Each structure stands twice: as C-alpha cells, then as structure tokens.
Amino acid sequence: MERVQKLLMIDFWCAIALVALVVILGEFNVLPFEKFAGGDKAEFYLLTVMELLTIAMIPLALRLFKFKKIKTQLKEQRENALSKWGLIRMDMLCLPMFINAVLYYIYQHAAFGYLAIILFLCLFFVYPSKARCQAEVDADS
C-alpha cells in the first residue's frame, strides 16, 4: 500500500509543480504564450469546452470510487486497482487544471484562471494520504 500511496503522492505534487512552472513562466513572460492565441471565436469555444469539462470532471472525480465496478475492483485487487483508479482520478483533475493554466496565459482571460484555481482546490479532496488510501480499499459502503 505504501508504494501506491507514494506513486499517487508523486502524481499529486508533480501536477502542482507543473502548473506552478506554467504560472512562473507566464508571470515573468519567459515563454511567449500569447503567440499561440487564436481569434475571439477560438477563445470562446475553448472557454466553453473547458468550463463544461471542469464542471463534468469535478463531481466525476470526487465520486469515482463510489461506482459499483470500481468499488468491487478496489476490494478484490486492492493495490493494483487503487494505483490505476487513483491515478485516473488524480489526472481527471490535474489535466484540466494544467490546460486551464496554459490557456489563461495564452488568452489572458480570467475565467481560465478561475477554473484552474477551482480544480486546484478540488485536488485536496482527493489528497492521497496513507489513511485515505487505506480507507479507499477498505470501504464497505
């Protein structure tokens, strides 16, 4: 169990570090993010997609281990299932967070930044502590 918990913890902190790197590079204008900007239509479509993706991913990631199939796998396969589904759950929040952070610096639209912050805060609801990892595979309800 400790190996799986460390793997999830590495994924957790690497995602946060990657987004922090994007923020640092964007704030100090190290990378010319604005060169990648499309038009107003592209910004609107990307914002709409990212809003819908964020709205969908948060409850799905937070409730993922409540689905019957996944709960059964967590009981039967324990560490393998926790490793697989834990990484999927973590990345369901981390990938949109990273994309929103990059899009914020490309378009300088505050909504992308807010979405990234919301996803960042949601990460702490799935923080892979030892107690949480143990509880995920031992949960009866």
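The following exchange introduces the fold, the core and selected residues of a predicted model.

Colleague: What kind of model is this, and which pLDDT do local features need?
Modeller: The model is predicted; side-chain atom pairs count only at pLDDT 80 or more, totals for chains, interfaces and linings use all residues, and local features need pLDDT of at least 70. Residues are numbered from 1 along each chain as its sequence is written, and side-chain values use heavy atoms, with hydrogens and water left out. For local features, the value is a pLDDT of at least 70.

Colleague: How many helices and strands does the protein chain have?
Modeller: Helices (H or I, at least four residues) and strands (E, at least two) are DSSP runs, numbered from the N terminus. From the N terminus on, the elements run α-α-α-α-α-α. The secondary structure therefore comes to six helices and zero strands.

Colleague: What does the C-alpha trace of the protein chain span along its principal axes, and what share of the residues is buried?
Modeller: Along the principal axes, the C-alpha trace spans about 50 × 25 × 20 Å. A residue is buried under 20% relative accessible area, exposed over 50% and partly exposed in between, with a 1.4 Å probe and protein chains only. Of the 141 residues of the protein chain, the buried share is 40%.

Colleague: What share of the contacts between residues at least 6 apart in sequence joins residues at least 24 apart?
Modeller: Contact means heavy atoms within 4.5 Å. Among the contacts between residues at least 6 apart in sequence, the share that joins residues at least 24 apart is 79%.

Colleague: Why does the end-to-end distance of helix α1 agree with its number of residues?
Modeller: The expected span of a helix is 1.5 Å times one less than its number of residues. Helix α1 covers residues 2-27, so its 26 residues should span 38 Å. This agrees with the distance between its end C-alpha atoms, which is 37 Å.

Colleague: Which elements are included in what covers the buried residues of α1?
Modeller: The buried residues of α1 include Val4, Leu8, Phe12, Ala15, Ile16 and Val19. An α-helix has 3.6 residues a turn, so residues three or four places apart point the same way. The cover over the buried residues of α1 includes α4 (79-107), α5 (110-123) and α6 (130-138).

Colleague: Which element gives the most to the largest nonpolar core?
Modeller: A nonpolar core is a set of buried Ala, Val, Leu, Ile, Met, Phe, Trp, Tyr and Cys residues joined through side-chain atoms within 4.5 Å. The largest one has 41 residues, and those with the most contacts inside it are Phe65, Leu74, Leu82, Leu93 and Leu123. The elements that give two or more residues to this core are α1, α2 (40-63), α3 (68-76), α4, α5 and α6. With 14 residues, the element that gives the most is α4.

Colleague: Which residues is Leu123 in contact with, leaving aside its neighbours within four places in sequence?
Modeller: Leu123 is one of the residues with the most contacts inside the largest nonpolar core. Leaving aside neighbours within four places in sequence, Leu123 is in contact with Phe12, Ile16, Met90, Leu93, Cys94 and Met97.

Colleague: Is Ala15 buried or exposed, and how far is it from Phe120 in space?
Modeller: Ala15 belongs to helix α1 and is buried, because its relative accessible area is 12%. Beyond its neighbours within four places in sequence, Ala15 is in contact with Cys94 and Met97. Ala15 and Phe120 are 105 residues apart in sequence, and their C-alpha to C-alpha distance is 9.7 Å.

Colleague: Which residues does Thr54 contact, leaving aside its neighbours within four places in sequence?
Modeller: Thr54 lies in helix α2 and counts as buried because its relative accessibility is 2%. With neighbours within four places in sequence left aside, its contacts are Asn100, Leu115 and Leu119.

Colleague: Which residues does Ser83 touch, not counting residues up to four places away in sequence?
Modeller: Ser83 is found in helix α4, and a relative accessible area of 12% is why Ser83 is buried. Not counting residues up to four places away in sequence, Ser83 touches Val4, Leu7 and Leu8.

Colleague: Is Gln108 buried or exposed?
Modeller: Gln108 is found in the loop between α4 and α5. Its phi is positive, about 55°, although Gln108 is not a glycine. Because its relative accessibility is 53%, Gln108 counts as exposed.
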